[in-house]
Amino acid sequence: MKKLLQISLLFIVGLGASEPTHFVLDNGLKVIVLEKHTIPVAAVQVWYDVGSHDEWDGIRGTAHLFEHMMFRGSENIAPEEHARLINEVGGYNNAFTSDDVTVYHERLPAGELELALRLEAERMHLLKMSDEILATEREVVHEEYRQRTSNPIGKLFLKFRGKMYPEDHPYAVTPIGIMDQLDTISVKTCQTFYDLYYGPENATLVIAGDVDLENTRTLVEKYFGAVRPLGTLPKNPNLSVPEQTEKVVLNEKSSFDLPVTMMGFRVPGSAHDDIAALDVLSYILSNGESSRLNQTLVRDKQLALGAGGFPMAMKGPGIFIYFSFYFPQVSSSKIENAIMDIIEDVRINGVTTSELTKARKQMLAGKVFERYSANSLANSLGNAELIMGDYREFNREIDRFNAVTAEDVKRVANTYFVEEKMTIMHIAPEDLSFLKKCMFWIAGLFM
């Protein structure tokens, strides 16, 4: 029955989908096409192999700034017209910048595929820049930064993330950048960045949905084939980090009303064999109300109002983060010890069969639902190619986490989740006196 259920789910995942097809244009553009005719739309994504980790000191934030500038017009497309044209045919478009990549994506009716390809090819090599455009988009980024840091915990999270890596590491600064450096960036610097990274041999075009392979190939050749290659690509930065051998403790104050503890452990890059087991462990520790963190800290011991965690997977060394926000009368050391006790139990005793089975089912269900969406399919293929290193990893992801054993989970917990490899930040409210009085008064009502 178990095997039958798995086969049925895998059949649903693949329903209507062919195998991804890969080809490369003469100018170096990689193209991945996945036909899925049960989805009446097409997703078009251009993945550029450039992110904030490619920036050098003095221009931190340029990759993200460029994401905005790519919507501001090119030789034959007026500012904001790209988005307007996509919206007019009932489509949607956006972009995102990460530490490792910058991605531009559209979802639109399958019959409008040519429009998306024409627009993406246009801005790949004919982008227009000016002081006015730069000033406008710089202020947009400033506003994004203000929004992220208006939350006191959000601001401290940026600091915490930075402390997870050596000060000069490419991942030490998040894609939002450093505002003081962003203010000094010129149009000439932007043009240099564009000329270094925005070209066909540094990009992967992913198309998924109700498309025909041969027609798609013809359209891709028509619009991207004439784009000139960049020539020599910059050398990839060194993303390796020295092994952490001492626990790092950070104590901060904030205007947030409750104390918060965040702890992080560095883990290998996304292509590493241990990532599947780490993902399963993360589900068991921190995914949902029945996770070990929530069950122990919130329900059983009633120390916290919330607890959880999430992985930050990257091409280079990533981070697994666990957190808790808790009652003011509870000490940070008590929360830290409680979380470490949960992790230590996994390190010594492992996880149960039911926990392992549940985590696998949750992950499988997530993948099933993802593959009903053209956007999700394209995103998974792009991630497999750019982050994992091979688009064919897309078809292996379910097998990877299904192969994880309880012994694998125990092993990775002992390898990565150890105290001397931990960075922890305790955040205390600036003024606890009034809160403590309130909490003790409320507690007295129930005594």
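In what order do the six strands of the open sheet run? Keep in mind that we're looking at a predicted model here. The order is S1-S2-S6-S3-S5-S4, and the pairing is mixed. Out at the edges you've got strand S1, residues 21–24, and strand S4, residues 92–97. Each of those has a single partner strand, so one side of each is left without a neighbour in the sheet. As for twist, neighbouring strands are turned by 15° against each other on average, ignoring direction.

Okay, let's go into the sheet. Strand S3, residues 41–48, pairs with strand S5, residues 102–109, and they run antiparallel over eight bridges. If you want a spot to click on, take Gln45, which stands opposite His105 in S5. Then there's helix H2, residues 62–69, packing on the sheet. H2 touches S4 and S5, and its direction makes about 165° with that of S4.

Now, the cores. Nonpolar side chains tend to be buried together in soluble globular proteins. In our model, the largest nonpolar core has 56 residues. Which ones touch the most other members? That's Leu117, Tyr198, Leu205, Val220 and Phe224. Helix H4, residues 113–125, gives the most to this core, with seven residues.

Let's zoom in on Leu117. Leaving out residues up to four places away in sequence, Leu117 touches Val44, Leu205, Ile207, Leu219, Val220, Tyr223 and Phe224. So much for that one. Apart from this core lies another, made of 44 residues. Phe265, Ile284, Val346 and Ala413 are among them, if you'd like to find it on the screen.

How values were computed. Residues are numbered from 1 along each chain as its sequence is written. This is a predicted model: local features need pLDDT of at least 70, side-chain atom pairs count only at pLDDT 80 or more; totals for chains, interfaces and linings use all residues. Side-chain values use heavy atoms; hydrogens and water are left out. Two strands pair if DSSP finds at least two bridges between them. Helices (H or I, at least four residues) and strands (E, at least two) are DSSP runs, numbered from the N terminus. Axes are lines fitted to C-alpha atoms, for helices over the stretch in contact, and angles run from 0 to 180 degrees between N-to-C directions. Contact means heavy atoms within 4.5 Å. A nonpolar core is a set of buried Ala, Val, Leu, Ile, Met, Phe, Trp, Tyr and Cys residues joined through side-chain atoms within 4.5 Å. Buried means under 20% relative accessible area, exposed over 50%, partly exposed in between (1.4 Å probe, protein chains only).
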